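Work through the exercises below with the model open beside you, and try each task before reading its solution.

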Amino acid sequence: MATVSRAYADMCPPNSQECWGAGFLQESFRLSSQRHTIPIYDAINAADWELRYNITESTLEHLLWRIPLSFQTSYEFTAFVPSTASVNMEDFGTRVVPFGSGVFVYIAASMLAVLVHEALVSRGMRPPFSPRNTSMREVLFCHMYVILQSTLLFSQMAMLVPISLDVALSLKQSAAASGLFLSIGTVAIFIAIPIGKRLVIEDNWDQKAARRWLVKCAFFCVLVSSSQAWFMNVTAQSEQAAFIWWVYLLTTLVVSFVGGLAVIPNMIFWNKVQRAEERTVWMIALQVSRNLGLVLGSFLFLLVKTFATAGGTRLHPRSLLAWIQMCSTFSSILILLLAALALPVALPDQEQVEPTMVNESASFHFEESLETDVVEAGPEELADDPRRRIVWQVIYYSFERTFTISAVEVASIMMLEVLYEWDAYTTGICFTISSTAGIVFALCGMWLMGKGYVRESTCFVVASTIGLVGALFLFDLHELFGVNRVWTLFIADAGIYGSATFASGIAEGWASRAAKDGTDFSIGEYRARNFLAVLAARFLGPIVARALIDVGGRNLYASLQVILCFLCARTVHKACKIVRDFTAFKHASRVAGEQETREASQNLLDPKRLQAEDNLETTCATSSRSTDSSASSRGRSPTASPLKKSPRSSPRSPRQAK
């Protein structure tokens, strides 16, 4: 929103017939939401406006009013102007740094080495880091492959976010289009996941075929990603903005589609090398790895910028994007090498896998409390219907929470650059703060649950509540309380993102444990539906968040986040209620059983009953002696009395034992 002020007395020469036009050309206005002054549009600097602020004459015609000359003092009017209008494109760099030949030699050598290795594996060679046996030390490489893959993929995303707005504006696109720039890949993955699920059969798993498919997908992603980086660098100074924009989006769709084909096979494979009670800890570790990737991506962005710039002038946004894309290619090569060297040709037997990373108490079942002596039930203990409901609640939660955090990832970067005039290259500090908070949340929660101080359901509810409270700090509190607005933004990001990391780990762990083979909520079905929900949220989150900030500023965006965090807390409460209700039922059944056992023990030790048993045994003994003496007097062998009980048929009382 913009306010325009004018003072005609100082601007119009006396008796000038062109006072209206000449005076109006000298006006200026301030973007009140950005506290930034830019010149008003006129016929002279029209080209400058279109170049610097991406606003053309037709865009502003309906914004400006013609005020009669009778106003000799000043006037004000309000007009809606996009927040990105204040971004000065002249500050963008123009230098292009080409790639050296050594970069492409390294890529070609790595791909050739993988081809040779796979040819040897097809002839019977065992991959060097694949499990030799069923010990957890060997299977650990499989876990590390998935964890490191998640870390590197999220570091790639973190490197793209700070430069995304500048790249979109350099290609004459809007802020909402920059959100599309970040989320377009989710469309392809959304389509690829159902197809990838049909490439493998979960109930009749073929590890050799699945491994071959995973390696091929990683190989293709390296090839396309390197080509994409080369294209963006050679066209950095080209004026064909629309062509470059659509080529980049289409190549992103292709590489995302191929990568999406490997998502479900990858997760099913990982689930098959996990024990059921370990899945919660591994899901939390997966969430921590994503946060580590965001932190790593922020540092890699600064490192790539420093290396590519090499002390020279600022790079063109598209040239810097090309170098970031090449760094992503190197990380994709590392993923490819891990897939080739660590994925086994045959899986170890599930029953023989012995845990070493986490002991039996680290399965995050609630330990017996000294106060309540109640053990919280695990999702795998529930009946089919409650397990199915937990799986669906986790899917709903994944959509809501992913929409929230994907919006946080891009909205904070944009607000720092547009509303608070931070340099685009330093806005990555948001990732460092929010991701570090997520790691701290997760580690503290894992320690508390591992020690048995709190239950999983309690941590789940507390984490969702912290996210809701953190969303309140997104509102602009400067005018109400005089609070520094930038720091409240960091507090909000830390609360929302930090709690989401921990809560998402618990949610995915519960769903993995509740999933049941051979049902409509098996691990494959759950993963497919969950990824579709996550991808839909990741596609919508950046676009909606940046569009709301562009139109309504920080407070409109904050309102959306509060609503989403409330829905997350509501879904978490429903899932926890299922587990808590069954835990209460299990505890009540145990108490009833203990009461029956106690009553039976009391009846067994009743003095009257013990006296009756003594009398009966005395009578039986007397009868037996008389029968034996009678039989011996008649010359017959003695026979045991049918009334006499053997020690096995009637246990001796404690008094008899004495």
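**Exercise 1: the cysteines**

At 9% relative accessibility, cysteine 459 counts as buried, where buried means under 20% relative accessible area, exposed over 50% and partly exposed in between, with a 1.4 Å probe and protein chains only. This is a predicted model, in which local features need pLDDT of at least 70 and side-chain atom pairs count only at pLDDT 80 or more, while totals for chains, interfaces and linings use all residues. Residues are numbered from 1 along each chain as its sequence is written, and side-chain values use heavy atoms, with hydrogens and water left out.

Task: Determine how many disulfides the model contains, taking a disulfide as a pair of cysteine sulfur atoms within 2.5 Å.

Solution: Start from cysteine 576, whose sulfur lies 9.8 Å from the closest cysteine sulfur, that of cysteine 459, which is too far for a bond. Next consider accessibility: cysteine 576, at 1%, counts as buried. The count under the distance rule is zero disulfides.

**Exercise 2: two crossing helices**

Task: Describe how helix α10 (residues 279–309) and helix α16 (residues 485–514) are arranged, and what kinds of residues make their contact.

Solution: First take the axes, which are lines fitted to C-alpha atoms over the stretch in contact, with angles from 0 to 180 degrees between N-to-C directions; those of α10 and α16 come within 7 Å and cross at roughly 145°. Then identify the residues in contact (heavy atoms within 4.5 Å): among them are Met283, Gln287 and Leu294 of α10, and Phe502, Glu508 and Trp510 of α16. Finally, classify the residues of this contact, which divide into nine nonpolar, eight polar and four charged.

**Exercise 3: threonine 432**

Task: Place threonine 432 in its helix and find its contacts beyond its neighbours within four places in sequence.

Solution: Threonine 432 belongs to helix α13 (residues 429–451), and its relative accessibility of 22% makes it partly exposed. Leaving aside neighbours within four places in sequence, threonine 432 touches Val295 and Ser298. Threonine 432 also lies 8.7 Å from asparagine 291, C-alpha to C-alpha, although the two are 141 residues apart in sequence.

**Exercise 4: confidence**

Task: Which elements of the protein chain have the lowest and the highest confidence?

Solution: The pLDDT, the predictor's confidence in each residue from 0 to 100, has a mean of 75 over the protein chain, with 70% of residues reaching 70 or more. Confidence is lowest in strand β2 (residues 28–31), at a mean of 32, and highest in helix α4 (residues 101–122), at 93. Where pLDDT is low, the predicted coordinates should not be read in detail.

Methods:
Ala, Val, Leu, Ile, Met, Phe, Trp, Tyr, Cys and Pro count as nonpolar, Asp, Glu, Lys and Arg as charged, and the others, Gly among them, as polar.
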